[in-house]
Amino acid sequence: MPRCVVSSDVCRKIEAEGPLQDTLKVSGAQVSPVEIEGCILEHPDKLIIDVTVAGVSGHGRTSDEKVPRAWIVLSEKGQKLGKEKTIKALDKWVKKSLSKYKWVRGGFEVVDTVRSLPSFSRNES
């Protein structure tokens, strides 16, 4: 099932390889994208209004290992601070708050909106 990230009105689909997973396996450990999203949203300066985290290849120990990447929508405070400073602040926060294997090693990308396609819900029962 695709998850959609919208940046400048261009939709890019993040295709899940195989069945949709609620966890990523990073360096042999299970990582919950929802936990990382929650951490980022809890930044005390409220620099973003929305985030989605998914696994991306090419940044891990091996070429096929998926690591967390975050797509973020800046809040007014985040826009005033600027993209680069906001990303640095969020990265520092994640590294302070979460274990190393949960860090956003795939990077942060600022987008206009983050949405799930109607057929996708991470919280489906």
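Student: In this predicted model, does Glu109 count as buried or exposed?
Tutor: The relative accessibility of Glu109 is 18%. The cut-off for buried is under 20%. Therefore Glu109 counts as buried.

Student: Which residue forms a salt bridge with Glu109?
Tutor: The closest N and O atoms of the pair are 3.2 Å apart. The partner sits in strand β6, Glu109 in strand β7, and 40 residues separate them along the chain. The partner is buried too, with a relative accessible area of 18%. The residue is Arg69.

Student: Which residue forms a salt bridge with Lys102?
Tutor: Lys102 lies in the loop between α3 and β7, and its partner is in helix α1, 67 residues apart. Lys102 counts as buried at 12% relative accessibility. The partner counts as partly exposed at 35%. The closest N and O atoms are 3.0 Å apart, and the partner is Glu35.

Student: About how many helical turns separate Lys95 and Asp91?
Tutor: Their side chains meet in a salt bridge, 3.2 Å from N to O. Lys95 is partly exposed, with a relative accessible area of 39%. Both residues belong to helix α3 and are 4 residues apart, so the separation is about one helical turn.

Student: What arc do the buried residues of α1 cover around the axis?
Tutor: The buried residues are Pro33, Ile36, Glu37, Cys39 and Ile40. They lie on the same side of α1, because their arc is only 160 degrees.

Student: What is the phi of Lys46?
Tutor: Lys46 is found in the loop between α1 and β5. Lys46 is not a glycine, yet its phi is positive, at about 50 degrees.

Methods. Residues are numbered from 1 along each chain as its sequence is written. This is a predicted model: local features need pLDDT of at least 70, side-chain atom pairs count only at pLDDT 80 or more; totals for chains, interfaces and linings use all residues. Side-chain values use heavy atoms; hydrogens and water are left out. Buried means under 20% relative accessible area, exposed over 50%, partly exposed in between (1.4 Å probe, protein chains only). Helices (H or I, at least four residues) and strands (E, at least two) are DSSP runs, numbered from the N terminus. The arc is that of the directions from the helix axis to the C-beta atoms. A salt bridge is a side-chain nitrogen of Lys or Arg within 4 Å of a carboxyl oxygen of Asp or Glu.
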